[in-house]
Amino acid sequence: MAATPIDPGAKPKARKWERYNPANVLADAAIARLRRVLPKNFGVNLGPRSGQAARPSTNAKLKAFARELLSTRLDRSGARIRTLALGLFVAYAAIGAKLLALGLSHDPPQTLKAAADDAVSGARPDLLDRNGAILATDVKTMSVFAEPNRIIDIDEAVELITAVLPDVDAKELRERLASKKGFIWVKRQITPKEQAEIFHLGLPGVGFLPENKRVYPNGPIGAHVIGFVDKDNVGIAGMEKYLDEQSLTDPHVAGFTVDPASLKPVRLSLDLKATHALRDELLAGLDRFHAKAAAGMIVDVNTGEVLALESMPDFDPNDPGDVRDPTKINRINVGVYEMGSTFKALSLAMALESGKVNLGSHVDARDSLRYGRFTIHDFHATHRVLTVPEVFTHSSNIGAARLALMVGIEGHKAFLKKMGQLDRLRTELPESAEPLVPKHWALLNTMTIAFGQGLNVAPIQAVMAVCALVNGGEMMTPTFLPRTEEEAAKVSHRVISEQTSESMRYLMRSNATHGSASFANIPGYYVGGKTGTADKIIHGHYSENKVFTTFMAITPADKPKYLYLTIYDDPLPAPEDHGFHTAAYNAGRVAGALIRRVEPLMGVAPMKEPPNQPFPIIARLGYGADADKTGKE
């Protein structure tokens, strides 16, 4: 058989094993893909296109490279295994380092921070008294949380946790752990001992978060002013609530990211020493007179700053208990009462300011004053004509009613409105009360309100009105924040003349020397004062033996700096008081003890001699010379 001639230009036939070699197939596919992607003038010859002659050298090199890359020859397996092992080692080392870093980190995972952000209590600024003493501050505490979706055995977790925290309700905890939520609180603000015991339980899904806990180092002292917060450090009452309303607290940022020290402290007008003394004296009187409640305050008459305020029964803001307990209200701001004869100061100031009377005028108090079926009489009747100062020192209901009748209904209403007695008084404290004003103000209302019956106001309203009567005639809103006299002048307005104001100072001084305020006439402090005893309304009728007593005192009476208020609800007579339970015997006595104790704390030394010309304006008119006369008339 003749041999087939070999064409020297023909392409050699590929062997079968070579045709299906994976390296060749992959190399051909790679070359085809590169031809589609690369531009024509890229400068790389990838072999023949359709209709072009092949360039074996370039093709052969690419195929050789591909075969070399994908070759499974045993002589190269060791190097590849070592390279792969090195890569895996590096990867696992990086993962291990990350896990170690997370394990040593004290910060909760980022996902937990997000879950707890709304739950953790925010930081609050410190509250300080006027001298820098701490009234409220934040401390760091730990709280226990759980992630129910990570709890392995709910029953075991509940049993172990409640063994350490017996006050946690087991049934409620089991229900919350079964909810499979992402985050729940187990107990807020635990002790270090409890934290250590929970930690050693080693329960997965149970951990700790630092929180800000509000503490009040002075306990109940000043509690009604300071207020308190809930477990989330949100203000509930008092100045704590005011801080939130004024956006002075941290806007609810998680406690582990906020340092309370970064928040500027807020200074109050309270004086801690004076507040402690006020509370102490009120409590002593509460026990001595077996009263149902007591309250009191001290105010700077020239600035309107409240230096002390207490209301008993009170509470400890560290553990306030039932916030809805009506016996623990702030009686100075929230309670409204008939203020009794302390209102006669307003009635006499109104009559003097109207010009219808002066300190030398006379008022007929010989007989009771009748109006329809109602009769107005005096507690200590004199049955004679009284001078205007005697109406005040004898606390004559008849005299006060007649003076109010001289001014008339409209004039009386206008004066009381100007003195802030007919509208709600708002201060920084969120708590305040609306006065109870007669819906139909008739002549009888003017007569009874003149001596303190028929109009119920918050005691702080009456106090600020009397402050205006004695500070020269300037009416201002009280404040629980520091305020200078210059700042007070910008927010005050004149309500009576300087002459009327000096007349009221003289009347209050006279009442301390030879009137019903003698129990508060502490030597060396030139005290002026006014008592107020109001019969309590029981089941719609005035009681014959239950009273609400009030006393207001000013020091010194010639140039007042401080006004003291003391209140007792339903006091009983002390054994030595022969059955008397009027204001002079309880509220007046306590005010005297308070003045004796507080004035030195304020740096006020007792006077060795009374001032030479305490009331120069009315002295030029021929009055006031008897202000320091002692003894009853």
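Rings of Phe, Tyr and Trp (the six-membered ring for Trp) count as a pair if their centres lie within 6.5 Å; planes under 30 degrees apart are stacked, over 60 edge-to-face, and the rest tilted. With that rule, this predicted model has 8 aromatic pairs.

**Stop 1: a ring pair between α11 and β20**

Select phenylalanine 289 and tyrosine 568. Their rings are 6.0 Å apart centre to centre, with 70 degrees between the planes, which makes the pair edge-to-face. Phenylalanine 289 belongs to helix α11 and tyrosine 568 to strand β20, so you're looking at a link between parts of the chain 279 residues apart. Buried or exposed, this phenylalanine 289? Phenylalanine 289 is buried, because its relative accessible area is 1% and the cut-off for buried is under 20%. Tyrosine 568 is buried too, at 0%.

**Stop 2: a ring pair from α19 to a loop**

Now pick tyrosine 506 and phenylalanine 615. The ring centres are 6.0 Å apart and the planes sit at 70 degrees, so this pair is edge-to-face. Tyrosine 506 is in helix α19 (residues 498–514), while phenylalanine 615 is in the loop between α20 and α21 (616–620), so the pair ties together parts 109 residues apart in sequence. Both tyrosine 506 and phenylalanine 615 are buried.

For one more ring view, select Phe145, Phe183 and Trp185: ring pairs link them into a cluster.

**Stop 3: charges over rings**

Stay in α19's neighbourhood of the sequence and show arginine 509 with tyrosine 526. The charged end of arginine 509 sits over the tyrosine 526 ring, 4.1 Å from its centre. Then add arginine 589 and phenylalanine 519. Here arginine 589 lies over the face of the phenylalanine 519 ring, 4.3 Å from the ring centre.

**Stop 4: helix α20**

Select residues 587–601, which is α20. How far does α20 reach from its first C-alpha to its last? The 15 residues cover 21 Å, close to the 21 Å expected at 1.5 Å a residue. Look along α20 for a kink of about 25 degrees, centred on isoleucine 595. Just past the end of α20, glycine 603 has a positive phi of about 80 degrees.

Next, colour the buried residues of α20: Ala587, Gly588, Val590, Ala591, Gly592, Leu594, Ile595, Val598 and Glu599. What do these buried residues pack against? Show α11 (272–289), β8 (293–300), β19 (541–555) and β20 (562–569), and you have the packing partners.

**Stop 5: tyrosine 564**

From β20, select tyrosine 564, which is found in that strand. Tyrosine 564 counts as buried, because its relative accessibility is 0% and buried means under 20%. Leaving out residues up to four places away in sequence, tyrosine 564 touches Met297, Ile298, Phe551, Met552, Ala553, Thr555, Leu594, Ile595, Val598 and Glu599. One of those contacts, Ile595, is where the α20 kink is centred. For a distance label, join the C-alpha atoms of tyrosine 564 and phenylalanine 551: they are 7.9 Å apart, with the two positions 13 residues apart along the chain.

**Stop 6: salt bridges**

Side chains of opposite charge can pair when their charged atoms come close. The count here is 30 salt bridges.

Begin with glutamate 240 and arginine 124, whose closest N and O atoms are 3.1 Å apart. Glutamate 240 is in helix α10 (residues 238–245) and arginine 124 in the loop between α5 (110–116) and β1 (127–128), 116 residues apart. Glutamate 240 is buried at 0% relative accessible area, and arginine 124 is buried at 1%.

Next, show arginine 214 and aspartate 138, which meet in a salt bridge of 3.1 Å, N to O. This one runs between strands: arginine 214 is in β4 (residues 206–215) and aspartate 138 in β2 (residues 134–146), 76 residues apart. Arginine 214 and aspartate 138 are both buried.

Then go to aspartate 314 and arginine 279, a salt bridge with an N to O distance of 2.7 Å. Aspartate 314 is in the loop between β9 (306–312) and β10 (337–338), and arginine 279 is in helix α11, 35 residues apart. Both ends, aspartate 314 and arginine 279, are buried.

To finish, which residues form one network through salt bridges that share partners? Select Arg124, Asp138, Arg214, Glu240 and Asp244 together to see it.

Technical notes
Residues are numbered from 1 along each chain as its sequence is written. Side-chain values use heavy atoms; hydrogens and water are left out. Helices (H or I, at least four residues) and strands (E, at least two) are DSSP runs, numbered from the N terminus. The expected span of a helix is 1.5 Å times one less than its number of residues. The bend at a residue is the angle between axes fitted to the seven residues ending there and the seven starting there. Buried means under 20% relative accessible area, exposed over 50%, partly exposed in between (1.4 Å probe, protein chains only). Contact means heavy atoms within 4.5 Å. A charge sits over a ring if NZ of Lys or CZ of Arg is within 6 Å of the ring centre and within 35 degrees of the ring normal. A salt bridge is a side-chain nitrogen of Lys or Arg within 4 Å of a carboxyl oxygen of Asp or Glu.
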